[in-house]
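I opened this entry to keep track of what I looked up about helix packing. The structure goes in first, and my notes come after it.

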Amino acid sequence: MIRSSPFEINSELNGDEARLALAGELDIATVQRLEEAVENVLRRGARTVIVDLSGLAFMDSSGLRLIITLNERAGADGWTLALIKPPRSSFSVFEITGADANLPFIEDSSP
């Protein structure tokens, strides 16, 4: 029996910068939790939202669709989205679709 990894979001807000560190699986069952976490930090005054994907074990197309939607929304609404790459196994969904070239990936500068 294959067991899915539990999904967790560690949220930090420092001034107008929020960091959402994801762990587990970002898929159709969990994308709404990430969307709600982004909404929450924006309501609390974040102008930059860093989504750290480095703790993901898996991401499906619904996760990719949400990331693309968040990027489009950030541009339209005047806030900044930054992404920290997931592990190679989860990054392939970005590469296969070509989305990696159009999304705001940054190097992780956390200690």
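These notes cover a pair of helices and then a single aromatic residue, all read from a predicted model.

**The helix pair.** I began with helix α1 (residues 31-43) and helix α2 (residues 61-77), whose axes come within 10 Å and cross at roughly 20°. Angles under 35 degrees count as roughly parallel, and I therefore entered α1 and α2 as roughly parallel to each other. I also noted that the crossing of α1 past α2 is right-handed.

**Their contact.** I then listed the residues that meet: Val31, Leu34, Glu35, Val38, Glu39 and Leu42 on the α1 side, and Ser62, Gly63, Leu66, Ile67, Leu70 and Arg73 on the α2 side. By class, I recorded seven nonpolar, two polar and three charged residues in this contact.

**α2 by itself.** I checked the span of α2, which has 17 residues and reaches 24 Å from its first C-alpha to its last, close to the 24 Å expected. Its buried residues are Ser62, Gly63, Leu64, Leu66, Ile67, Leu70 and Ala74, and I found that they pack against β2 (17-26), α1, β3 (48-59), β4 (80-84) and α3 (88-97). After α2 comes glycine 78, for which I noted a positive phi, near 85°.

**Phenylalanine 94.** I located phenylalanine 94 in helix α3, and I asked whether phenylalanine 94 is buried or exposed. Phenylalanine 94 is buried, with a relative accessible area of 0%. Leaving aside neighbours within four places in sequence, I found phenylalanine 94 in contact with residues including Leu64 and Ile67, as well as Leu53, Met59 and Pro86. I last looked up aspartate 108, which lies 14 residues from phenylalanine 94 in sequence and 18 Å away in space, C-alpha to C-alpha.

Key. Residues numbered from 1 in each chain as written. Predicted model: local features only at pLDDT ≥ 70, side-chain atom pairs only at ≥ 80, totals over all residues. Heavy atoms only, no water. Axes fitted to C-alpha atoms, helices over the stretch in contact; angles between N-to-C directions. Helix = DSSP H or I, 4+ residues; strand = E, 2+ residues; numbered from the N terminus. Parallel < 35°, antiparallel > 145°, perpendicular 65-115°, else oblique. Left-handed = near helix turned anticlockwise from the far one by under 90°. Contact = heavy atoms within 4.5 Å. Nonpolar A, V, L, I, M, F, W, Y, C, P; charged D, E, K, R; others polar. Expected span 1.5 Å × (residues − 1). Buried < 20%, exposed > 50% of the residue type's maximum accessible area, 1.4 Å probe, protein only.
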